[in-house]
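Colleague: Could you take me through one part of this model up close? I'd like to hear about the aromatic rings and what surrounds them.

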Amino acid sequence: MSTPLAGPALDALIGRFLEEQHPAQIAFLRELVRVPSDNPPGDCAPHGARAQALLTELGLTVHAHPVPADRVHANGMRSATNLIVRKTFGQGGPVIALNAHGDVVPPGDGWTHDPYGGEVVDDPQHGPVMFGRGVAVSKSDFATYTWALLALQHAQAQGADLHGALELHFTYDEEAGGEIGPGLIMAQGLSKPDYVISAGFGYGITSAHNGCLHVEVTVRGKQAHAAMPHTGVDALEAATHILRALYDHRAVLARKHSAVPGIDTPGLTVGLIAGGINTNVVPDRVTFRVDRRMIPEESGFDAEGELRALVQAAAAARPGIEVDVRRIMQAEPLAELPGVEALIAPLAARAQSVFGVEIPVHGVPLYTDARHYTHHGVPTVLYGAGPRTLMDARGHNTDENLRLNDLLKATQVVALAVSDMLRAR
């Protein structure tokens, strides 16, 4: 009986395969960038169909799960399909899911490259760079995770003794909260992973991130002619009083500090406001929306109740005013779960070896749909293709880009780390 392929020979085999396949991986990513999947408006089924076709051409079996229209519309979108690819290796071993989202923020104005072109430019410092909306966040990791799976399939065919299963979860609602993507996959029992790696950047392993609460506050008064303002109840004046209370609360939040590197304090931002009838009318209604960021230590904390109490107390000081607080969205923080070290250790070791620098484990102040996996008790981290920061990639900005050498290296890291986990008996 021959000795199973393992150790340096297996690592070298995976490395050679990915280097040889890198042009095909780049072409795959370019095709994904060229199909718009802006969210809003969130009409993402066409991109899902294209991704399914490309994956099928690679010999992968794709299970497409169209999200019911009522669920899609309730999520503020037009169409979405969840794609699952499942490869089972030997018996036993963990089930590891790799999740990336194909919906992207609209490109906006000011680009110097076609946001749907997938143009590749040679950069003197970083080598070839691809430009396009979603090329880094996170269509890149459709390519990262697909070629990691292909590399492991190739390794098994060459004699690697792998045990467990690897799944690809490609979803389309991260920009809308993830409820009908990873949230629905887990709620419907379409997958039961033991570990999850979600889209991230190659120079850091994200093990925690902030949560986010969005609420809409409606302040109601009574309209009146501006010549006789005393006959009305000024909703805008009351709203400014409530806003002052909310802004003053920032000082309270600033005294809370997270122990997670990369995350500092909770935050509060008023991002939208509207109201009034006309210049010569006492405003009878004002609405505004609040973004409340929660640090990982606030997991389970009733931030909504805190905001409601602040708003109600401030409104009580204005006779004749009524207020309503309506939740728009709540995303719980991502926190490390027991067992997550089984993910972090191989990723950190392999990333340091491939990139030649120490790869930190840290948190980020934004939020992602990875939290839906931890909500179901699955240890989850974020790791994928990209530079050190979102700003470097110009994610959610003009001229979003991806260094293609980082794509290759991140794919090597994921493939090697997953091979370590599938060989650990």
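Modeller: Here is a walk through the ring cluster, followed by a few other spots and the chain as a whole.

First, the ground rules: this is a predicted model, so local features need pLDDT of at least 70 and side-chain atom pairs count only at pLDDT 80 or more, while totals for chains, interfaces and linings use all residues. Residues are numbered from 1 along each chain as its sequence is written, and side-chain values use heavy atoms, with hydrogens and water left out.

Now the rings. A pair of aromatic rings is described by the distance of the centres and the angle of the planes. Rings of Phe, Tyr and Trp (its six-membered ring) pair if their centres lie within 6.5 Å; planes under 30 degrees apart are called stacked, over 60 edge-to-face, and the rest tilted. By that rule the structure has four aromatic pairs. One of them is Phe 142 with Phe 170, a stacked pair at 4.0 Å centre to centre with 10° between the planes. Phe 142 belongs to helix H4 (residues 139–157) and Phe 170 to strand E6 (residues 163–171), so the pair links distant parts of the chain, 28 residues apart. Helices (H or I, at least four residues) and strands (E, at least two) are DSSP runs, numbered from the N terminus.

Phe 142 has another partner. Its ring centre is 6.2 Å from that of Tyr 172 and the planes meet at 75°, so this pair is edge-to-face. Tyr 172 sits in the loop between E6 and helix H5 (182–187), and with Phe 142 in H4 the pair ties together parts 30 residues apart in sequence. Put together, ring pairs join Phe 142, Phe 170 and Tyr 172 into a cluster.

Is this cluster buried or exposed? Phe 142 and Phe 170 are both buried, and Tyr 172 is buried too, at 0% relative accessible area. Phe 142 also comes in at 0%. Buried here means under 20% relative accessible area, exposed means over 50%, and partly exposed is in between (1.4 Å probe, protein chains only).

Stay in that loop between E6 and H5 and you'll find Glu 174, which is buried at 11% relative accessible area. Setting aside neighbours within four places in sequence, Glu 174 is in contact (heavy atoms within 4.5 Å) with His 101, Asp 103, Tyr 367, Thr 368 and Asp 369. His 154, on the other hand, is 20 residues from Glu 174 in sequence and 31 Å away in space, C-alpha to C-alpha.

Two other rings have a lysine over them. The charged end of Lys 87 sits over the ring of Phe 89, 5.5 Å from its centre, and that of Lys 256 sits over the ring of Phe 301, 4.6 Å from its centre. The test is NZ of Lys or CZ of Arg within 6 Å of the ring centre and within 35 degrees of the ring normal.

Stepping back, the chain has eleven helices and 17 strands. Of its 425 residues, 54% count as buried. Among contacts between residues at least 6 apart in sequence, 81% join residues at least 24 apart. The C-alpha atoms fill a box of roughly 95 × 45 × 45 Å, taken along the principal axes.
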